[in-house]
Each structure stands twice: as C-alpha cells, then as structure tokens.
Amino acid sequence: MVHTNRVFFKVCQYLSSIGCRVRLLSKRNMLLAPRLSCPTVPLSNGLQIPILGLGTSHDGGYSHDAIVYALTECGVRHVDTAKYYGCEEQLGHAIGESGIPRRDLWITDKLWRGDYGYKDAKKACLDSCSRMGVEYFGISYLYLMHWPEATQPGLSNREMRADTWRALEELHKEGTCSAIGVSNFLVHHLEELKEDCSVVPHVNQVEYHPFQQPNHLMEYCRQEGIVFEGYSPLGKGQVLNNPTVLHIAHKYGRTAAQICIRWSIQNGVVTIPKSVKKKRIQENCQVFGFRLEESDMAALGSLDDGRHVSWDPTNVE
C-alpha cells in the first residue's frame, strides 16, 4: 500500500507540473462514468482498437472542454492526435482531468515528416509521450508515420521511410508503443515497406468517406492484416448535403453525419470523426443503435467520385 501511494503521489506531482487539475474521483463516481458500447477491431498483434474515436486537428481542431466531455459524458475511449496538430500537451491535460482509468484509453498519435529518420523519430516519439504523460499510465498508444514523403535531403522517400520505420519497430519492441502504423500510405508505399522492414504496419489511416473510397487499398490492407482506419468520414461537411445521404438519413430518422459514420463503421473501418462541439460529438457517438440495409450501403457506395478533401498522396513516390 505504501508503494502504491508513493506511485500515485508521483503521478499527481507530474500532472500538477504540466498544469493539470487533478480531480479525485470516488470509486462510485468511476463506476458511474459512461463507457460507449463500441465494438473493437483486432490488430495483428492481438490488441483491440475501438472502431469509433474522436479526431483532433490543427487550426482550431482542438477543444479541451470537448475532449473532457467526450471522455466523461459520451464514453469515448479512443482519441486521435498528432504532433503536427500542436495539441498533444493539451490532450494530456484533458486525459488527466477526465479521471478515466488509463487502461481503458486508446490514443493514436502521429510522427510528422520533419522528424523522419531513425534518431529523430525515436526522440520525437519519446517527446510526444512526455507531452501527453503516456509513459506514466497503461494507455494503449498507437504511433503512425503521418505521411509517405520525407523532407530531409540525402535519402529517397523509400530509404527515409525504411529508416524511420526501423525506429518505430524498436519503439514497439521496447514497449513504448502498443502498436505502430502509417497514415496516407498507398499500396506501393506499403509494398516497399514490407520489402524493406520486418514488421507489417498494424494500421493504415487514410481519408475515407462516400466521395473517397479507396477500395483497392482497403482490400490490400485486409489481405496483409493491416487495419484500415478512415479520417474525414464526413468529407469535411461536403457529404452532408448530398441528396442520397439526406434521403437515407430521413428513412432512418438519423442525421446525415450519423449515416456517413454508420456506413463507414459498417464497412469495418475504424472511424474518427472530428468535432469541437459537444452536441456534435454526442450525435456522432449515437451510431450503434441501428444498422443500414444492404441497399442503402450500396447506394452510399455508389457515391465515390475520387475527390479528396484533405491531402492527396497519389503523386508521392
């Protein structure tokens, strides 16, 4: 008991040092904290990632109050962030304030391409963990390479990806990262990585919504045991006024956003809608009480027109 109290005191000191308000919750309150009834998807290393998460981003895409609300009131247990977004430290504060058991949380973080390369990648990961306080808790931590193109001179993109991935493999082996993966990688990027390295990515996170359906990439990932994760499931709002989406939303008495998220999840895609508004977050979480009929899934599947609302890696060698 003395040892347990000492560890708890050190954790509280750390949270205080980074500006966290430490909220002591009774066992009764902890039991009353909601937990979203969210299915999980198995990774190739045996871990289970929640199929629904909450995304964050740069340029106003982070809200402390929204994160705390999502964790404590909506039962969200999966949050996506990145060094590039500039909100890792704030996310650490929100996690500390929520009082949610750390073993219940899944954090997805991303390595920015300016930190590619073996030494820089290892340092960047450890710095990100420190900013969020991940190393203090039993949080499931997924670490992704954010983009297939490097910015450092001297090595090709392929060589730099391999050098960086070697660092992620070691971070995973050492236990710093629960799982490792990539983001915005296409089939040829993944094929080269498979040839150059020893660990196949556990996850590939790419843009995915009714207007952008990279089905060939999805099939490749499934064949290789790579979990497919989709960001921008609402197409940054562009999908929400589509007549087909609105018709299906009316049919089920749901919002257009709920239809798009449900479609993504029903396709087996780990889905991370982003919002800084409490009402929208609550709405986006209410997608497990109904199921779309096959005809409606097919109708939404026919909307693919190839458009990107975010970064397009098509021309990255």
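1. Among contacts in the chain between residues at least 6 apart in sequence, 75% join residues at least 24 apart. The model is a predicted one, and the remarks below should be read as remarks on a prediction. The chain has 317 residues, and 54% of them are buried. It exposes about 14400 Å², with carbon and sulfur atoms supplying 50% of that area.

2. The secondary structure comes to 12 helices and 10 strands. Eight of the strands form an open sheet with parallel pairing, in the order E3-E4-E5-E6-E7-E8-E9-E10. The edges are taken by strand E3 (54–55) and strand E10 (270–272); each has a single partner strand, so one side of each is left without a neighbour in the sheet. As background, strands of a sheet pair through backbone hydrogen bonds, either parallel or antiparallel.

3. Within the sheet, strand E6 (residues 140–145) and strand E7 (residues 179–183) run parallel and are joined by 4 bridges. Tyr143 faces Ile180 of E7 across this pairing.

4. Strand E9 (residues 227–231) deserves its own point. Which of its residues are buried? The count is 5 of the 5, so E9 is largely enclosed by the rest of the structure. Val227, Glu229 and Tyr231 point one way from the strand, while Phe228 and Gly230 point the other way. A reader checking polar residues should note that Glu229 is among the buried ones.

5. E9 has partners in both E8 and E10. Strand E8 (residues 203–207) runs parallel to E9, with 5 bridges between them, and Asn204 stands opposite Phe228. Between these two strands the chain passes through helix H8 (residues 215–224), in a β-α-β crossover that is right-handed. The pairing of E9 with E10 is also in the parallel sense and has 3 bridges; there, Tyr231 has Ile272 of E10 as its bridge partner.

6. Two helices are mostly covered. In helix H3 (residues 64–72), 7 of the 9 residues are buried, so this helix is largely enclosed by the rest of the structure. The buried residues are Ala66, Ile67, Val68, Tyr69, Ala70, Leu71 and Thr72. They pack against E3, strand E4 (78–80), H4 and H11, and the edge strand E3 is thus one of the elements to inspect alongside H3.

7. In helix H4 (residues 88–98), 9 of the 11 residues are buried. The buried set includes Glu88, His93 and Glu97, as well as Leu91 and Ile95. Gly99 follows H4 and has a positive phi, near 75 degrees.

8. Val134 lies in the loop between helix H5 (118–132) and E6. Is this loop residue buried or exposed? Its relative accessible area is 6%, under the 20% cut-off, so Val134 counts as buried. Leaving aside residues up to four places away in sequence, Val134 touches Cys129 and Tyr141. The C-alpha atoms of Val134 and Gly92 are 7.8 Å apart, although the two residues are 42 apart in sequence; Gly92 is itself one of the buried residues of H4.

9. Two residues have backbone angles worth a look. Most residues other than glycine have a negative phi, and most peptide bonds are trans. Asp59, in the loop between E3 and H3, has a positive phi of about 55 degrees although it is not a glycine. Ser232, in the loop between E9 and helix H9 (243–252), likewise has a positive phi, near 55 degrees. What is the relative accessibility of Asp59, and what is that of Ser232? Asp59 is exposed, at 74%, whereas Ser232 is buried, at 16%.

10. The largest pocket has a volume of about 710 Å³. Its lining has 34 residues, and the closest to the pocket centre are Ser57, Ser232, Lys236, Pro273 and Lys274. Ser232 therefore appears twice in this note, being buried at 16% relative accessibility and listed with the residues closest to the centre. Helix H10 (256–266) and helix H11 (278–285) each supply at least two residues of the lining. H11 gives the most, with 3 residues, and H11 is also one of the elements against which the buried residues of H3 pack.

Terms used: Residues are numbered from 1 along each chain as its sequence is written. This is a predicted model: local features need pLDDT of at least 70, side-chain atom pairs count only at pLDDT 80 or more; totals for chains, interfaces and linings use all residues. Side-chain values use heavy atoms; hydrogens and water are left out. Buried means under 20% relative accessible area, exposed over 50%, partly exposed in between (1.4 Å probe, protein chains only). Contact means heavy atoms within 4.5 Å. Accessible areas come from the Shrake-Rupley method with a 1.4 Å probe; for residues, only the protein chains shown count as cover. Two strands pair if DSSP finds at least two bridges between them. A crossover is right-handed if, with the strands pointing away from the viewer, the path from the first strand over the helix to the second runs clockwise. On a 1 Å grid over the protein atoms alone, a cavity is a set of points where a 1.4 Å probe fits but cannot get out, and a pocket is an open set with protein on both sides within 12 Å along at least five of seven lines; lining residues have an atom within 4 Å of a point. Grid points are joined across faces, edges and corners, and a volume is the space filled by probe spheres set on the points.
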